[in-house]
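Work through the exercises below with the coordinates open. Each task is followed by a stepwise solution.

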Amino acid sequence: MVLVAATGMVATFQPRLVIDPIVPLGILFLYLLAFAFGWMAGQPPATLEGYEPATAGSRNVLAGALAGLLGGLCLGLLLIAITVFDLRGVFINMSPELAEILGFGLPVAAAVFVIAVASAFMGALGAGVHLLSRRVRRALIGALTAVIVFSVLTDLFGQLFAGLSLEPVIDFLYTGRGGALTIIGSVVIFGAFIVLFWWMEGRDSTLRQRVQAMPKGQRSRWQIGAALIILVILYFVPRIMGPFVSQILVTAGIYLLMALGLNIVVGYAGLLDLGYVAFFAVGAYTTAILTSPQSPAFNPEISVLASLPFVMVAAAIAGILVATPVIRMRGDYLAIVTLGFGEIARILLNSEWLAPVFGGAQGITNIPDLQIGPLTFSTPQDYFYPIFLFVLLAAYVTFALQKSRWGRAWMAMREDESVAEAMGVNIVTAKLSAFVVGAILASFGGSLFAAQIGSVFPHTFDIVVSITVLVIIIVGGMGSVPGVTLGALVLIVLPNLLREFSEYQFLFYGVLLIVMMLKRPEGFIPSKRRAQELHTEELSQDAWLEIYGEKGQAEQVPEGAV
Amino acid sequence: MPMLEIQGLNKAFGGLRAINGLELHVDEGEVVSVIGPNGAGKTTFFNLVTGMETPDEGSIVFDGQDVVGLRPNQILKLGMARTFQNVRLFPAMTVLENVMVGQHSRTKAGLFGAVFKTPSQRREEVEIEERAKEVLSFFGTRLAGYRHDQLSMVLSYANRRRLEIARAMATGPRLLLLDEPTAGMNPRETIELTELIGRLRSEKGYTIVLIEHDMQVVRNVSDRVVVLDHGVKLTEGSYDEVSSNEKVIEAYLGRPAELGA
């Protein structure tokens, strides 16, 4: 809590009201943390087989209250420190305004007391949640979350209701477009979601069971039907949501395309590529050079669509160029070398030396819009469709390759390179092909990106892009297409919707990564095998010993040892 | 002409001469056991033959072709497949997939075919799967049915060893190199595996070289026994000849009483 307060988040969030006029976001966030502490502290221990399940009782609440109290006291100390010393020299955010917010405008002693009591109360509440029945707990937490989501994503919902011509709903729920929730609005949302979650309890899983119990033909008909409905909804999404949200979706789509490509390289073939942005750049620049009348090197111009085959070839060549020197490298070494390649690409694009081709720091502008026959794509809403198409294509390629000789060769190489080779997999072609497929998918993303933005600049192709794509597949679930999709949505769409908090975007990334690695290392929606791989230890002690014992052994015993 | 002929093989790791002037031949249809105390150079010998390590000197001729300098996957394709002493499966792949990988070098569908699911690729894919199932059926119920879709890491130890043999069989070899196939198995499993090795020869017609510590197994399966010590071949011959050889007893078997039954 101290950390959060000290980073200035509270002060920044304070003017932003969640429910007008009674709940400001800054304080809510702070005390939600106390709630979370309490929740964690009050969690009943995991039930072991053969033991009575632990019943939550007053002890859990007490633990929660204690945890909250501890947090609150730290916060109180901070408040005292701010008031007594002037800390602004060191911590720029520790201003008197922060003290004012933290202390509710009360004198210091009273404020500390109030903070401690309030935090302890929130902690106890958090722990107390465990005492409720599962159904009540889910409904309550779900509805609370819904209120916060509705409030924080006010832009999104405003756009949604406006797109559906339901302006009265906005006026009812919010204090205005992009404003905070009204009291009545929040109560209505809370109530509606309580009812929804109450009703949902148990029904979602029965539905799933029913679908699974269906005969094969019926089930696939159901699945096709569901897919069609989703497609129809997706078709209308850009129309309803307008340019702002569409632009975000387009960005997410481009990242998703890259993530699916990198998923093949890292998730399947196990080749950690930290310079993946280079392939994205190859796609963008190839399109730019071939299509823009401003491109210094190449005339005459061709259309964006006609440039795609060239993009593919250029990406394949780039993939081979990167893969060739790293054929005999593994693990960390490979990562470092690819990192170098990513930087080399950016610096070359930026260099004066190659400015006659790439335009140097000025980049290349005036890239025409994508045209397919009579259709011209210009707005973000238009671009949503071709990008969606390419994402579908990438997902298909991923699935097709996974169930093929190549997919198996890549996985074998990921599992154990030297054994894969001893079992007949040609490591050279396997590595080259993984890099080439990954490069081509990323280059399509780059090409569409260039056409949509209309210009390319070297500084766009920063290492941060590589890292973001990697984080998407790690958080989403390596090797799993739905996981990667969800990862792109969470990591690209959310931060863009929450632009008002963009200052803290990377802080949230960091926290998210840490929490994920501790709680769910396999990602949101992991591929089946990866989930098993990471959780076998929980299934049986023996399996744990065997896997880790053997892995350790295999690494320690040099090849030549007998 | 012998199937595998090795002459003047040398390999040193720094100052350690792991293999020192080894001469060895294996005839078609034979089962040859390689025995020797720990550190004798047995696994290094396998690594050299399969191309996972390069010899310093000497020639390894398989089927009339010198394989020194070839990559492991090229050597495998010539018809030589191995298993590993410390079972090295692909843990996060299913049993069936492990065996299917074994056929990689015998199949040829390209990336293009894999993406566009061309008829020839589909046909090949079906063949790969059928062949994998056929190979697994060699092990009876051990690796059949629901086990096909289990990840190989959840298998029992003995089943992992079986799966390694299955994966090697799927590569379509003529010569199988088995590195301590019974290590870590209980007596019952050892007997089963001994029978299996016999069937590998009689039913499948493989020529087999195996490294083995269990003298029962060595006696029951081998036509010929080669004894290594410090990278040098001490002697070779039938089990009875070797087991009564003074040098061997001294270097490896210890007291004659330990020869067991």
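A residue counts as buried when its relative accessible area is under 20%, and as exposed when that value is over 50%. Keep in mind that the model is predicted.

**Exercise 1. Place B:R160 and classify it: is B:R160 buried or exposed?**

Step 1. Locate the residue. B:R160 sits in helix α6 of chain B, which covers residues 157-170.

Step 2. Apply the cut-off. B:R160 is buried because its relative accessibility is 4%, and the limit is under 20%.

Step 3. Look for a polar partner. The B:R160 side chain reaches the backbone oxygen of B:M153 at 2.8 Å.

**Exercise 2. Determine how many residues of helix α3 in chain B are buried.**

Step 1. Take the range. Helix α3 of chain B spans residues 95-102.

Step 2. Count. Of its 8 residues, 8 are buried, and the helix is mostly covered.

Step 3. List them. The buried residues of α3(B) are B:V95, B:L96, B:E97, B:N98, B:V99, B:M100, B:V101 and B:G102.

**Exercise 3. Compare two residues with positive phi, B:E180 and B:H230.**

Step 1. Recall the background. Most residues other than glycine have a negative phi.

Step 2. Read the angles. Phi is near 45° for B:E180. For B:H230, phi is near 50°.

Step 3. Find the loops. B:E180 lies between β7 (175-179) and α7 (187-202) of chain B. B:H230 lies in the loop linking β9 (224-229) and β10 (232-237) of chain B.

Step 4. Assign the classes. B:E180 is buried because its relative accessibility is 9%. B:H230 is exposed because its value is 58%.

**Exercise 4. Describe the interface: which residues and elements form the contact between chain A and chain B?**

Step 1. Count the residues. Chain A contributes 41 residues to the contact, and chain B contributes 52.

Step 2. Size it. The size of an interface is often given as the accessible area lost when the parts come together. Between chain A and chain B, about 4000 Å² is buried, with 59% of that area from carbon and sulfur atoms.

Step 3. Check the polar terms. The interface holds 3 salt bridges. One joins the side chains of A:E421 and B:R71, at 2.8 Å from N to O. There are also 12 residue pairs in polar contact across the interface, with both residues at pLDDT 80 or more.

Step 4. Map the chain A side. Helices α17 (380-402), α18 (405-415), α19 (417-422), α20 (427-453), α24 (528-539) and α25 (541-556) of chain A each supply at least two residues to the side touching chain B. The most come from α18(A), with 9 residues.

Step 5. Sort by class. This side of chain A has 19 nonpolar, 9 polar and 13 charged residues.

**Exercise 5. Profile each chain: what are the helix and strand counts of chain A and chain B?**

Step 1. Tally the elements. Chain A has 25 helices and 4 strands. Chain B has 10 helices and 10 strands.

Step 2. Take the buried fractions. In chain A, 46% of the 562 residues are buried. In chain B, 56% of the 261 residues are buried.

Step 3. Examine contact range. Among contacts in chain A with a separation of 6 or more, 72% join residues 24 or more positions apart. The matching share for chain B is 68%.

Step 4. Read the surfaces. Chain A has an accessible surface of about 27100 Å², 70% of it from carbon and sulfur atoms. For chain B, the surface is about 10600 Å², and the carbon and sulfur share is 50%.

Terms used
Residues numbered from 1 in each chain as written. Chains lettered and ligands numbered in written order. Heavy atoms only, no water. Buried < 20%, exposed > 50% of the residue type's maximum accessible area, 1.4 Å probe, protein only. Polar contact = N/O pair within 3.5 Å; in protein donor to acceptor, adjacent residues only side chain to side chain. Contact = heavy atoms within 4.5 Å. Buried area = accessible area lost by both parts, 1.4 Å probe. Salt bridge = Lys/Arg side-chain N within 4 Å of Asp/Glu carboxyl O. Nonpolar A, V, L, I, M, F, W, Y, C, P; charged D, E, K, R; others polar. Areas by Shrake-Rupley, 256 points an atom, 1.4 Å probe, with all protein chains shown as cover.
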